[in-house]
Every structure is written in C-alpha cells, then in structure tokens.
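This report is written for a reader meeting the structure for the first time. Please look over the sequence and the model before reading on.

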Amino acid sequence: MSAPGPLDVWHKFADTSVLLDGFHALKHALRFGAEVPVAVTTDRAAALALADELAPDVRNTLDALLTQVPAPAYWSLVPRPHPTEIAALAVRPSRAANLDRLARTPRTAPVVVLDNPRNLGNAGAVIRLAAGFGATGVVTTGTLDPWHPTVVRGGAGLHFATAVERLTVAELPSGPVFALDPEGEDIRGTKITDDAILAFGSERSGLSADLRARADHLVALPMRPQVSSYNLATSVAMTLYHWSATGGAPHVP
Ligand SMILES: C[S@@+](CC[C@H](N)C(=O)[O-])C[C@H]1O[C@@H](n2cnc3c(N)ncnc32)[C@H](O)[C@@H]1O
C-alpha cells in the first residue's frame with residue numbers, strides 16, 4: 001500500500017487540529033515548538049524563497065515539511081486563500097499541558113485574563129501581545145473559544161508561544177490579581193509583579209462581579225476625562241508595556 005499523501009494526512013487531522021493560515025502563522029508556530037503534521041503550498045519554491053528572506057531559522061524545517069499541491073486542492077482546504085498560499089495543521093496543546101504551564105511557580109511573567117471577551121479579533125491581538133512580551137499565558141473566561149479559527153488567525157500562529165486556555169474565575173491560577181478598570185488607581189504608581197494575574201473586562205460590560213471579587217488591586221490606565229474607555233487589546237498592550245518598563249520583561253536582542 002502506498003504512503004498517505006498530504007491531503008490524506010490533512011483530512012485525518014483536520015477536525016482535531018488548528019489551521020495555520022499563511023507563511024507567518026506557520027513560521028511562528030514552528031519557532032515555538034508546535035507539532036505540525038502537514039503543511040501544503042501551491043508553490044514550494046516561492047515558499048522557500050520567503051523562508052530564505054524572512055525566516056532562515058525555520059527554512060530547513062519548512063523544506064522537509066512543505067508539500068506542493070495543485071491550487072484547487074489548496075483552495076478546498078482553507079476558508080479563504082491566503083496571499084502566500086501556504087496552509088498547515090498544528091496539534092493543539094492539551095489542556096493538561098496548559099494548566100501545568102499556568103500553575104508553575106515561581107511565575108516569571110504575568111498571566112493575562114480576558115474576562116468574558118466578545119470580540120475574536122481582540123482575543124487574537126492579545127495572544128500576539130502576550131507572546132511578544134513573554135507572558136505566561138492568556139486565559140479567557142466565558143463562552144468565547146480562544147482557539148477559535150478567527151482568534152488563531154489574529155494570533156498569527158503565536159498561540160504556541162504562550163499557554164492559551166479557557167477557565168472559570170474560580171479556576172484562575174494563584175497570584176495577585178491586578179484588575180484593569182478606569183475607576184482604579186493610576187497604574188503609573190503601581191508596580192506590576194512578575195507573578196501578577198492581569199485581568200481585563202469584557203468589551204461590552206467591563207469586569208464581572210466574580211472577577212472584581214477576586215481582585216487584589218484595581219488599576220487604571222491614564223485617560224483624559226470624557227473618554228469612557230480604551231479598546232480591550234490596546235489596554236492589554238499598555239499594561240504589559242508598563243510591566244515591562246518596571247520589571248522583568250523579556251530580553252530584547
Ligand atoms: C472596552 S473596555 C470596557 C468598556 C465597558 N463598556 C465598561 O463598562 O467598562 C474593556 C476593558 O479594557 C480595560 N480598560 C479600558 N480602558 C481602561 C482604562 N482607562 N483603565 C483601565 N482599564 C481599561 C478594562 O479592563 C475594561 O474592562
């Protein structure tokens with residue numbers, strides 16, 4: 001019997017895996033240790049030229065992994081074609097592995113909590129931020145799936161660089177909770193510790209009663225009177241930047 005082709009492998013893993021849409025998502029996932037059972041492209045030479053130019057560190061891995069398929073086969077695998085015409089499937093890390101990463105102490109970088117977020121694009125942008133700042137993880141409460149394909153697309157393959165999991169407020173990891181709210185104390189006078197749980201409210205209704213009850217500190221980002229609030233993802237960006245400017249941020253090469 002002949003070995004299974006890339007499309008057979010794709011169909012075997014499609015229901016249980018995460019779609020990596022485009023060159024950058026695949027590059028990031030590989031850099032952060034994702035298990036990628038299959039990767040396809042309509043133009044292997046163009047994909048490897050992109051790797052030579054932008055990501056020589058994963059060029060050999062891509063060379064071994066990428067299979068060229070006819071364009072109609074590629075189109076049949078993705079909801080909408082990506083300009084790089086590269087797609088791959090990655091194995092989603094187990095909940096147990098993520099819980100282990102989130103619970104590990106001493107924690108050297110904060111966990112970001114999105115309390116009942118509604119917007120998939122915001123969640124993806126926050127995962128990308130958390131990856132960039134080396135945060136321990138991104139936890140969501142509520143019904144939004146942080147591994148939804150739209151969130152994964154927004155995260156640019158960086159779900160594999162941090163621990164992404166959905167939990168209830170009662171299940172949050174231990175550590176001091178700094179809850180972000182415009183009514184809190186000015187963050188500029190607050191030191192965010194490396195073991196912090198940084199909690200952000202829903203786009204619609206802010207922090208839930210459960211999260212407020214768990215908060216040790218309520219902190220505010222500077223904002224002019226008459227402006228009600230910032231966008232969720234930009235609030236996370238400012239807060240992680242504040243942590244980085246006052247503590248143990250990731251090393252910048
Ligand atoms: C779009 S805002 C929520 C607005 C919502 N209508 C409300 O009632 O709070 C989403 C989250 O971003 C954070 N946020 C936005 N602006 C902030 C500010 N100036 N200070 C602290 N946190 C802020 C908070 O965690 C907030 O719950």
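The text below goes through the domains, a helix pair, the ligand shell and two backbone details.

The model is predicted. Its protein chain is divided into domain 1, residues 6-91, and domain 2, residues 95-246. The centres of domain 1 and domain 2, taken over C-alpha atoms, are separated by 30 Å. Where the domains touch, 14 residues of domain 1 are in contact with 9 residues of domain 2. On the domain 1 side, strand E1 (17-21) and helix H2 (23-31) each supply at least two residues. H2 has the largest share of that side, with 6 residues. By type, the residues on the domain 1 side divide into 9 nonpolar, 3 polar and 2 charged.

Next comes a pair of helices. The axes of helix H7 (residues 120-133) and helix H10 (residues 232-246) come within 9 Å and cross at roughly 10 degrees. Angles under 35 degrees count as roughly parallel, and H7 and H10 are therefore roughly parallel to each other. Their crossing is right-handed. H7 brings Asn122, Ala125, Val126, Leu129 and Phe133 to the contact, while H10 brings Leu232, Ala233, Val236, Ala237, Leu240 and Ser244. The residues of this contact divide into 9 nonpolar, 2 polar and no charged.

What surrounds the ligand? The ligand has 17 residues around it, and the closest are Leu180, Gly201, Gly206, Leu221 and Ser229. Strand E8 (177-186) and H10 each supply at least two residues of this shell. E8 gives the most, with 3 residues. H10 thus appears both in the shell around the ligand and in the contact with H7. The shell residues divide into 9 nonpolar, 6 polar and 2 charged.

The table sets out the residue types for the three groups described above.

| Group of residues | Nonpolar | Polar | Charged |
|---|---|---|---|
| Side of domain 1 that touches domain 2 | 9 residues | 3 residues | 2 residues |
| Contact of H7 with H10 | 9 residues | 2 residues | no residues |
| Shell around the ligand | 9 residues | 6 residues | 2 residues |

Two details of the backbone remain. Which residues does the cis peptide bond join? Thr105 and Pro106 are joined by it, with omega at about -5 degrees. Pro106 is found in the loop between helix H6 (95-103) and strand E5 (111-115). The other detail concerns Ala156, which has a positive phi of about 55 degrees although it is not a glycine. Ala156 lies in the loop between helix H8 (149-154) and strand E7 (163-166).

Key:
Residues are numbered from 1 along each chain as its sequence is written. This is a predicted model: local features need pLDDT of at least 70, side-chain atom pairs count only at pLDDT 80 or more; totals for chains, interfaces and linings use all residues. Axes are lines fitted to C-alpha atoms, for helices over the stretch in contact, and angles run from 0 to 180 degrees between N-to-C directions. Helices (H or I, at least four residues) and strands (E, at least two) are DSSP runs, numbered from the N terminus. Angles under 35 degrees count as roughly parallel, over 145 as roughly antiparallel, 65 to 115 as roughly perpendicular and the rest as oblique. A crossing is left-handed if the near helix is turned anticlockwise from the far one by less than a right angle, and right-handed if clockwise. Two residues are in contact if their C-beta atoms, placed from the backbone, lie within 7 Å. Ala, Val, Leu, Ile, Met, Phe, Trp, Tyr, Cys and Pro count as nonpolar, Asp, Glu, Lys and Arg as charged, and the others, Gly among them, as polar. A residue is near a molecule or strand if its C-beta atom, placed from the backbone, lies within 6 Å of it. Domain bounds come from an automatic or database domain assignment.
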